[in-house]
Amino acid sequence: MHELGIVFHIANTVEKLAVENHVNRVNKVTLQVGEVSTVIPDYLVDCWNWKCTKSEILKDCKLEVEMIPAVTYCEDCEKTYGTVEHGKICPYCGSEHTYLVQGNEHAIKEIEVYNDDEAESTPHISEEADGLERLEDPEE
């Protein structure tokens, strides 16, 4: 079950972003997950819910999972097609010279936050945090 490791990575990233942005609580995290990433969304949500009970910043935080469809590109006919439906062989020309262009990744799409000193009914949406490249190393 690699979902637990993914949850810890995502939770750590969200907590660091919250601290950097002086956010007391995170209300919801939207995570994009590739269709062929081997991540099982139900397991991910279960692990997330457990992890959130261990974090003050993430307490009661919801995880919303959006699936990214798997798409394969054919080098011979230069067309794309649904990977799950057709596999490695191009349905247009029958070529095996293909590769996956999307659908094996996962990324934080959005983080919805609110501060404890503000009304909980007035959440604020942060900028999209779509990867670790936005994090600065705290040791720098």
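**Close-ups of a predicted model**

**View 1. D60, in the loop between α2 and β2 (62–68).** Keep in mind that what you're looking at is a predicted model. Most residues other than glycine have a negative phi. D60 goes the other way: its phi is near 65°, a positive value in a residue other than glycine. Is D60 buried or exposed? D60 has a relative accessible area of 59%, so it counts as exposed, the cut-off for that being over 50%.

**View 2. C61, in the loop between α2 and β2.** Right after exposed D60, here's a buried residue: C61 has a relative accessible area of just 3%. That's under the 20% limit, which is why C61 is called buried. Which residues does C61 touch, once neighbours within four places in sequence are left aside? The partners are V26, N27, K28, V29, W48, N49 and C52. Take V29 from that list: V29 and C61 sit 32 residues apart along the chain, and their C-alpha atoms are separated by 7.3 Å.

**View 3. Helix α1 (residues 3–20) meeting helix α2 (residues 41–52).** Two packed helices are described by the angle between their axes and the distance between the axes. For α1 and α2, the axes come within 9 Å and cross at roughly 50°. The two helices are therefore oblique to each other, and their crossing is right-handed. On the α1 side, the contact is made by E3, L4, I6, V7, F8, I10 and A11. The α2 side brings Y43, L44, C47, W48, W50 and K51. Sorted by class, this contact has 11 nonpolar residues, two charged ones and no polar ones.

**View 4. V7, a residue of helix α1.** This is a closer look at one of the α1 residues in the helix contact. V7 is buried, with a relative accessible area of 2%. Not counting residues up to four places away in sequence, V7 touches L44, C47, W48 and K51. V7 and N49 are 42 residues apart in sequence, and their C-alpha atoms are 9.6 Å apart in space.

**View 5. W48 and its contacts.** What does W48 touch, leaving aside its neighbours within four places in sequence? From α1 there are V7, I10 and A11, each of them also part of the α1–α2 contact. The other partners of W48 are V29, L58, C61, K62 and L63. C61 was the subject of View 2, where W48 turned up among its contacts.

**View 6. The largest nonpolar core, with 24 residues.** Which residues touch the most other members of this core? They are V14, V26, V29, L44, W48 and L58. Elements giving two or more residues to the core are α1, β1 (25–34), α2 and β6 (106–114). Helix α1 provides the largest share, seven residues.

**View 7. V36, in the loop between β1 and α2.** V36 is partly exposed, with a relative accessible area of 31%. Leaving aside neighbours within four places in sequence, V36 is in contact with A70, V84, L100, G103 and N104. As for Q102, its C-alpha atom and that of V36 are separated by 8.9 Å, with their positions 66 residues apart along the chain counted as sequence separation.

**View 8. T38, also in the loop between β1 and α2.** T38 is not a glycine, yet it has a positive phi of about 70°. T38 is exposed, with a relative accessible area of 58%. As with D60 in View 1, then, a positive phi turns up in an exposed loop residue.

**View 9. The protein chain as a whole, for context.** How many helices and strands does the protein chain have? There are three helices and seven strands, and read along the sequence they follow the pattern α-β-α-β-β-β-α-β-β-β. Buried residues make up 35% of the 140 residues in the chain. Among contacts between residues at least 6 apart in sequence, 66% join residues at least 24 apart. The C61–V29 contact of View 2 is one such pair, at 32 residues apart along the chain.

Methods. Residues numbered from 1 in each chain as written. Predicted model: local features only at pLDDT ≥ 70, side-chain atom pairs only at ≥ 80, totals over all residues. Heavy atoms only, no water. Axes fitted to C-alpha atoms, helices over the stretch in contact; angles between N-to-C directions. Helix = DSSP H or I, 4+ residues; strand = E, 2+ residues; numbered from the N terminus. Parallel < 35°, antiparallel > 145°, perpendicular 65-115°, else oblique. Left-handed = near helix turned anticlockwise from the far one by under 90°. Contact = heavy atoms within 4.5 Å. Nonpolar A, V, L, I, M, F, W, Y, C, P; charged D, E, K, R; others polar. Core = buried A, V, L, I, M, F, W, Y, C linked by side-chain atoms within 4.5 Å. Buried < 20%, exposed > 50% of the residue type's maximum accessible area, 1.4 Å probe, protein only.
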